[in-house]
Amino acid sequence: MKEQNREAMYQKIDEMQERRLRIELGGGDRRIEAQHTKGKLTARERIQLLLDENSFMELNPFVEMRSTLLETGQEAPGEGVVTGVGKIAGRTVYLFSQDFTVFGGALGEMHAQKIAHVMDLAAKTGAPFIGLNDSGGARIQEGVVSLDGYGKVFYRNAIYSGVIPQISVIMGPCAGGAVYSPAITDFVFMVEGTSQMFITGPKVIETVTGERISAEALGGARVHATKSGNAHFYYPSEEETLLAVRRLLSYLPQNCHERTARLENWEGGEEKDWNEEILDVVPVEGTKVYDVRNLIYHLVDQDSFMEVHAHFARNIVVGLARIAGESVGMIANQPKVMAGGLDIDSSDKLARFIRFCDAFNIPLITLEDVTGFLPGVNQEHGGIIRHGAKILFAYSEATVPKITVITRKAYGGAYVALNSKAIGADLVFAWPNAEIAVMGPEGAASIIYAKEIAASETPHVIRQQKIEEYREKVATPYVAAAMGMVDDVIDPRQTRDILRKSLELLRRKEENLPVRKHGNIPL
């Protein structure tokens with residue numbers, strides 16, 4: 001009797017394994033080969049690359065579409081999506097990976113249900129969620145229920161925003177309504193040459209407008225990384241992209257209730273303190289340009305800076321790094337682009353990065369060298385007031401440790417917006433060459449002393465004298481320090497050491513905002 005029972009069970013296990021093998025083959029060898037021919041990996045190959053070895057546990061592999069909705073006799077192994085849980089560097093993550101070999105990865109009712117289930121599990125257990133997108137869009141054959149499925153995914157993207165980190169990786173097409181899920185998530189990765197995002201496809205655009213455009217030119221990785229700002233990162237291959245996702249996660253906590261683990265064996269520490277080379281990075285003369293990333297590299301742990309949105313709104317630099325092993329959000333004006341001034345795109349880029357770091361308890365460090373908000377009719381008509389206000393709102397609302405270092409210029413409203421004491425900075429430091437004023441000495445002297453300059457026999461000489469007088473008496477950092485708006489004027493070589501000590505000082509910071517449902521950021 002016992003042997004008969006065991007044989008019966010063996011038979012059931014064999015049947016189960018056969019079913020599982022059919023599911024793991026997806027759309028079959030021919031479609032897998034077609035995927036590889038396009039330079040793309042399969043859904044399961046991507047998971048294998050992304051996760052720690054042998055850590056993946058698949059969930060709901062046997063889910064199937066409702067047969068009453070699609071009576072074609074076609075099969076959809078795994079419902080066109082692989083979902084489950086695994087580990088990255090030993091930390092739990094939940095994910096889905098759409099299978100383009102099955103109905104082109106199109107999303108149907110049960111496909112969406114699988115994704116929603118793992119999203120709920122990620123939120124319940126407090127773990128990051130990753131979506132590997134490779135889909136032609138909604139499954140047309142299923143009609144409105146496929147659209148309802150998208151709605152359920154969007155809803156979870158929204159309500160879990162700021163609760164757990166959400167990362168989208170575009171590994172192929174992501175078209176129509178499907179693009180709104182990545183747009184809500186915290187970070188979007190794309191692969192050059194094989195991934196696209198667009199609301200309306202090239203064929204539809206050509207039909208409606210007569211304009212012919214390729215999918216790559218319409219919504220490829222480079223377009224979204226440089227022009228639209230929809231993609232935060234893009235890389236030449238899927239392998240490099242997935243490795244970058246792993247790296248990004250190392251800077252993030254599991255959820256909003258935790259902090260990123262501090263690395264004990266961090267590199268590039270003591271030898272950077274009092275480094276004479278830092279004096280060569282930032283020119284004292286305010287009109288000379290430099291690459292602020294060189295300054296960031298001198299201040300953070302060795303090779304730890306991971307720039308976010310590197311190719312979009314390049315007049316502001318944002319990214320994640322470590323100082324003495326602690327994860328920090330770095331923000332810096334980029335003088336080599338638009339003189340580091342703030343415009344519409346950089347305001348959006350900066351405000352969103354601030355809010356992300358604040359949501360996940362990552363301290364903010366701002367390196368300020370700003371002439372102001374970018375002037376011009378296009379900026380005014382485009383809403384620079386509304387967009388610039390996002391920076392003020394984001395900094396004011398943030399309760400994480402906030403530290404500012406004014407390295408050179410800090411003029412006008414931009415000085416206030418970039419984490420000044422008035423809007424909640426915990427600590428503000430200035431280099432001795434810093435200029436803090438309503439406007440630059442050149443413009444200010446020309447206005448204040450206009451009559452005196454005009455009446456002089458040597459107006460150019462008098463104007464230069466007044467400029468220097470304004471610089472020394474009004475714009476000097478010691479005036480701001482005397483008013484308590486700057487906590488200290490520091491030796492530039494001491495900056496890293498000051499930042500490390502400040503982070504330690506603010507480690508236990510607690511700040512509670514007024515009780516409310518939520519603020520109303522100017523969008």
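Here is a walk through this structure, from one strand to its aromatic rings and its core. Keep in mind as we go that the model is predicted.

Let's start with strand S4, which covers residues 129-135. How many of its residues are buried? Seven of its seven are, so the strand counts as mostly covered. If you look at one side of S4, you find Phe129, Gly131, Asn133 and Ser135, and on the other side you find Ile130, Leu132 and Asp134. Both of these faces are covered.

What does S4 pair with? One partner is strand S3 (residues 91-98), and these two strands run parallel, with four bridges between them. To find one of those bridges yourself, look for Ser97, whose partner in S4 is Leu132. Another partner is strand S5 (residues 166-175), which is also parallel to S4 and is joined to it by six bridges. Here you can look for Ile130, which stands opposite Ile167 in S5.

Now trace the chain through these strands. Going from S3 through helix H4 (residues 109-125) to S4, you follow a right-handed β-α-β unit. Carry on from S4 through helix H5 (residues 144-159) to S5, and you have traced a right-handed β-α-β unit there too.

While you're at S5, take a look at Ser168, which is found in this strand. Is Ser168 buried or exposed? Its relative accessibility is 3%, and buried means under 20%, so Ser168 counts as buried. Setting aside its neighbours within four places in sequence, Ser168 is in contact with Gly131, Asn133, Ser181, Pro182, Thr185, Phe187, Val188 and Phe189. Gly131 and Asn133 should ring a bell, as they sit on one side of S4.

Phe189 takes us to the aromatic rings. A search of the whole structure turns up nine aromatic pairs. One of them is Phe189 with Phe233: the ring centres are 4.5 Å apart and the planes are at 15 degrees, which is under 30 degrees, so this pair is stacked. The two partners come from distant parts of the chain, with Phe189 in strand S6 (residues 187-191) and Phe233 in strand S8 (residues 233-235), 44 residues apart. Both are buried, because Phe189 has a relative accessible area of 0% and Phe233 has one of 4%.

Compare that with Phe356 and Phe360. Their ring centres are 5.2 Å apart, but the planes are at 45 degrees, so this pair is tilted. Both of these residues are buried as well. Together with Phe187 and Tyr235, the four residues Phe189, Phe233, Phe356 and Phe360 form one aromatic cluster.

Rings can also have a charge sitting over them. The charged end of Lys40 sits over the ring of Phe100, 4.3 Å from its centre. In another spot, Arg322 lies over the face of Tyr251, at 4.2 Å from the ring centre.

Finally, let's visit the core. In soluble globular proteins, nonpolar side chains tend to be buried together. In this model, the largest nonpolar core has 50 residues. Which residues have the most contacts inside it? They are Leu50, Ile130, Leu132, Phe189, Leu248, Ile331 and Leu350. Helix H12 (residues 344-359) gives the largest share of this core, six residues. Leu248 is a nice place to stop: leaving out residues up to four places away in sequence, it touches Ile167, Phe187, Phe189, Phe233, Met306 and Leu320. Phe187, Phe189 and Phe233 are members of the aromatic cluster you just met.

Conventions:
Residues are numbered from 1 along each chain as its sequence is written. This is a predicted model: local features need pLDDT of at least 70, side-chain atom pairs count only at pLDDT 80 or more; totals for chains, interfaces and linings use all residues. Side-chain values use heavy atoms; hydrogens and water are left out. Rings of Phe, Tyr and Trp (its six-membered ring) pair if their centres lie within 6.5 Å; planes under 30 degrees apart count as stacked, over 60 as edge-to-face and the rest as tilted. Buried means under 20% relative accessible area, exposed over 50%, partly exposed in between (1.4 Å probe, protein chains only). A charge sits over a ring if NZ of Lys or CZ of Arg is within 6 Å of the ring centre and within 35 degrees of the ring normal. Two strands pair if DSSP finds at least two bridges between them. A crossover is right-handed if, with the strands pointing away from the viewer, the path from the first strand over the helix to the second runs clockwise. A nonpolar core is a set of buried Ala, Val, Leu, Ile, Met, Phe, Trp, Tyr and Cys residues joined through side-chain atoms within 4.5 Å. Contact means heavy atoms within 4.5 Å.
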